[in-house]
Amino acid sequence: MRAILLIDHGSVKPEANHMLDCVANLLQSMVGPEVIVRAAHMELAEPLIPQGVDACVEAGATDLVVFPYMLSPGKHSTRDIPRIVGEATRRYPALAVRVTAAFGVHAKLAEVVAERAGVELVASGGDCTRCWNPDGTIGACGDACCARTAATDNAERVSARS
């Protein structure tokens, strides 16, 4: 069974930590009961990542997708979370584990910004075949660039079929 573990930094403010639980509940309602959705924090609040991994496995997960609930591909989402997840999943050798990129550049995030700013969209930004870098180069936005993420996801699907 597939599980999605949302991971944020964690905060000393309970309302910030509670928000991740709300997102997990929303996502759970959207993906349905066939997917396990849990939330954990990297530090400062519980459940921590190892507890989140355990909760997924205890609920029946055999395939764990870890999503760093962070905007950019910084140190926490590219190094710390994958390292901690690796340590936490070592006890579960049969568990398939994948850590995704952070949110990064994505049209749906831009739509949320426009909506909250009260600005109507004049065009769709959903083209994930190109990078939205100002100078047009691919890769400078980092691993979370939608063009790079789409290419990586496609490569993973291809290699999984081989």
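This is a walk through the structure above, one selection at a time.

**Before you start**

You are looking at a predicted model, where local features need pLDDT of at least 70 and side-chain atom pairs count only at pLDDT 80 or more, while totals for chains, interfaces and linings use all residues. Residues are numbered from 1 along each chain as its sequence is written, and side-chain values use heavy atoms, with hydrogens and water left out.

**Stop 1: the whole chain**

Show everything as a cartoon. The protein has five helices and four strands (DSSP runs numbered from the N terminus: helices are H or I with at least four residues, strands are E with at least two). Trace the chain along its sequence and you follow the pattern β-α-β-α-β-α-β-α-α. Of the 162 residues in the protein, 32% are buried. Here buried means under 20% relative accessible area, exposed means over 50%, and partly exposed is in between, using a 1.4 Å probe and protein chains only.

**Stop 2: strand β1 and its neighbours**

Select residues 2–8, which are strand β1. How many of its seven residues are buried? Six are, so to speak, under cover: the strand is mostly covered.

Now add residues 63–68, strand β3. β1 and β3 pair in the parallel sense, over six bridges (strands pair if DSSP finds at least two bridges between them). To see one spot in that pairing, pick Ala 3, which stands opposite Leu 64 in β3.

Then add residues 36–41, strand β2. β2 runs parallel to β1, joined by six bridges. Here the spot to pick is Ile 4, opposite Val 37 in β2. A handy thing to know while you look: in a regular strand the side chains alternate between the two faces of the sheet.

**Stop 3: over the helix**

Keep β1 and β2 on screen and bring in residues 14–31, helix α1. Together, β1, α1 and β2 make a right-handed β-α-β unit. To check the hand, point the strands away from you: right-handed means the path from the first strand over the helix to the second runs clockwise.

While you are here, select Leu 26, Met 30 and Val 31. They form a nonpolar patch on the surface, with about 300 Å² of accessible area together. Areas come from the Shrake-Rupley method with a 1.4 Å probe, and for residues only the protein chains shown count as cover. Patch residues have over 30% relative accessible area and no salt bridge; like charges are joined within 9 Å, and nonpolar side chains (Val, Leu, Ile, Met, Phe, Trp, Tyr) within 5 Å. Val 31 is found in helix α1 and counts as partly exposed because its relative accessible area is 33%.

**Stop 4: the loop after β2**

Move on to the loop between β2 and α2 (49–58), where Pro 47 sits. The peptide bond from Glu 46 to Pro 47 is cis, with omega near 0°. Leu 44 is in the loop between β2 and α2 too. Although Leu 44 is not a glycine, its phi is positive, at about 75°. Is Leu 44 buried or exposed? At 53% relative accessibility, Leu 44 counts as exposed.

**Stop 5: salt bridges**

Switch on the side chains. The whole structure holds five salt bridges (a side-chain nitrogen of Lys or Arg within 4 Å of a carboxyl oxygen of Asp or Glu).

- Select Arg 2 and Asp 63: their side chains meet in a salt bridge, 2.8 Å from N to O. Arg 2 lies in strand β1 and Asp 63 in strand β3, so the pair ties together parts 61 residues apart in sequence.
- Select Arg 91 and Asp 54, whose closest N and O atoms are 2.5 Å apart. This pair links distant parts of the chain, 37 residues apart: Arg 91 is in the loop between α3 (75–89) and β4 (96–99), and Asp 54 is in helix α2. Asp 54 counts as buried, at 17% relative accessibility.
- Select Arg 83 and Glu 87, with closest N and O atoms 3.6 Å apart. Both lie in helix α3, four residues apart, about one turn of the helix. Add Asp 80 to see a network of salt bridges linking Asp 80, Arg 83 and Glu 87.

**Last stop: two cysteines**

Finish with Cys 22 and Cys 56. Cys 22 is partly exposed at 39% relative accessibility, whereas Cys 56 is buried at 1%. A search of the whole structure finds zero disulfides (pairs of cysteine sulfur atoms within 2.5 Å).
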